[in-house]
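Thanks for coming. I have one structure to go through today, and I will take it piece by piece. Please have a look at it before I start.

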Amino acid sequence: MELSLPHRLFNSSSSSLPPLFYSRTRVPHTPLFSTNTHHQKLQLFTGLHHKLATSMEAQTTIPHAFDNGSSITSSETGRIGEVKRATKETNVHVKINLDGTGLAENNTGIPFLDHMLDQLASHGLFDVHVKATGDIHIDDHHTNEDVALAIGTALLQALGDRKGINRFGDFSAPLDEALIHVSLDLSGRPHLNYDLQIPTQRVGTYDTQLVEHFFQSLVNTSGMTLHIRQLAGKNSHHIIEATFKAFARALRQATEYDLRRGGSVPSSKGVLSRS
């Protein structure tokens, strides 16, 4: 390292030179720490960084289906619930992956219901597979009900002990003139507060009275507290579709993991179970 330092001339015979000039004087450079010490500190820092990264990775790992108390066995990753329900009136098969990507494969024999289940998958980012046959030659009531009962049971299985989840979800979804607010709690206590004013009796061939019955059935088997409120809307299709979209987004919020919780049950009681 070289520094330029001032030197005064005290010899008057050197008057040809200015009284002050700068010359280059070599000043020895002393390292703050030796090469060996630097290498040791670098190793220490690298080791601490690796431990921290490993610790964070462990804390943010999302459990799979076999970790959450579910009886479902699957090669797929994620929290998965699968239910088969057969009665004299219907035959229903439901499979839901809460940690999916929004895949939908729904065939209930009720086209409008299939369309709504597609909204559940797309906006909740759940993989939803529903196949149902039923006595729709009579009406859609039994199939609509049993599909919802099976979906609620599949949710119950997929959630397991509900450790580490947010538990609560709240979302308002607009669809043109319609605006629907949904708030829910995965409390284990089934309750539905339903406040929609759907102006027509049917959308296509679908009886709009079945919307409330769908959510009541789902609430009963999943152990969910669910509030649905219409803030605006005149078109029946828009009101119902906005409801399913808001429900999907609220359910997505509630089922996602709260990393700060560290895998604990989101309840002061220490347990969330279906009452």
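One definition first: the expected span of a helix is 1.5 Å times one less than its number of residues. What you see is a predicted model.

Take helix H2, residues 111-124, with that in mind. H2 has 14 residues, and from its first C-alpha to its last it reaches 20 Å, close to the 20 Å expected. Buried residues in H2 include Phe-112, Leu-113, Met-116, Leu-117 and Leu-120. Asp-114 and Gln-119 are also on the buried list for H2, as are Ala-121 and Gly-124. After H2 comes Leu-125, with a positive phi near 55°.

Helix H3, residues 141-159, gets the same check. Its end C-alpha atoms are 27 Å apart, which agrees with the 27 Å that 19 residues should span at 1.5 Å a residue. As for cover, 14 of the 19 residues in H3 are buried, so the helix counts as mostly covered. The residue that follows H3 is Gly-160, and its phi is positive too, near 60°.

Next, the strands. Strand E4 covers residues 90-97, and 6 of its 8 residues are buried. Which strands does E4 pair with? One is strand E3, residues 80-86, in the antiparallel sense over 7 bridges. A hairpin of 3 residues joins E3 to E4, and Ala-86 has Asn-91 in E4 as its bridge partner. The other pairing I will mention is with strand E6, residues 127-134: 8 bridges join E4 to E6, and the two run antiparallel. There, the bridge partner of Asn-97 is Asp-127 in E6. As a general reminder, strands of a sheet pair through backbone hydrogen bonds, either parallel or antiparallel.

Further along the chain there is an open sheet of 4 strands, in the order E7-E8-E12-E9, with mixed pairing. Which strands sit at the edges? Strand E7, 168-175, and strand E9, 191-195, are the edge strands, and each pairs on one side only. From one strand to the next, the twist averages 10°. Inside that order, strand E8, residues 178-185, and strand E12, residues 225-232, run antiparallel and are joined by 7 bridges. An example of a bridge there is Ile-180 with its partner Gln-230 in E12.

Two helices lie across strands of this sheet. Helix H5, residues 236-255, lies across E7, E8 and E12, and runs at about 150° to E7. H4 lies across E9 and E12, at about 160° to E9.

H4 covers residues 210-222, and Ser-217 is in it. Is Ser-217 buried or exposed? Its relative accessibility is 3%, and the cut-off for buried is under 20%, so Ser-217 counts as buried. What is Ser-217 in contact with, leaving aside its neighbours within four places in sequence? The answer is Glu-145, Ala-148 and Leu-149.

Now the charged pairs. How many salt bridges does the structure hold? There are 5, and I will go through some of them.

Arg-79 pairs with Asp-99, and their closest N and O atoms are 2.8 Å apart. This pair links distant parts of the chain, 20 residues apart: Arg-79 is in the loop between helix H1 and E3, and Asp-99 is in the loop between E4 and strand E5. Arg-79 is buried, at 3% relative accessible area, whereas Asp-99 counts as partly exposed at 28%.

Arg-85 and Asp-146 meet in another salt bridge, at 3.5 Å from N to O. Arg-85 is in strand E3 and Asp-146 is in helix H3, 61 residues apart, so this pair also links distant parts of the chain. Here the arginine, Arg-85, is partly exposed, with a relative accessible area of 30%, and Asp-146 is buried at 3%.

Then there is Lys-245 with Glu-241, where the closest N and O atoms are 3.2 Å apart. Both residues lie in helix H5, 4 residues apart, about one turn of the helix. Why does that spacing suit a pair? An α-helix has 3.6 residues a turn, so residues three or four places apart point the same way. Both Lys-245 and Glu-241 are buried.

That is what I have for today.

Terms used
Residues are numbered from 1 along each chain as its sequence is written. This is a predicted model: local features need pLDDT of at least 70, side-chain atom pairs count only at pLDDT 80 or more; totals for chains, interfaces and linings use all residues. Side-chain values use heavy atoms; hydrogens and water are left out. Buried means under 20% relative accessible area, exposed over 50%, partly exposed in between (1.4 Å probe, protein chains only). Contact means heavy atoms within 4.5 Å. Two strands pair if DSSP finds at least two bridges between them. Axes are lines fitted to C-alpha atoms, for helices over the stretch in contact, and angles run from 0 to 180 degrees between N-to-C directions. A salt bridge is a side-chain nitrogen of Lys or Arg within 4 Å of a carboxyl oxygen of Asp or Glu.
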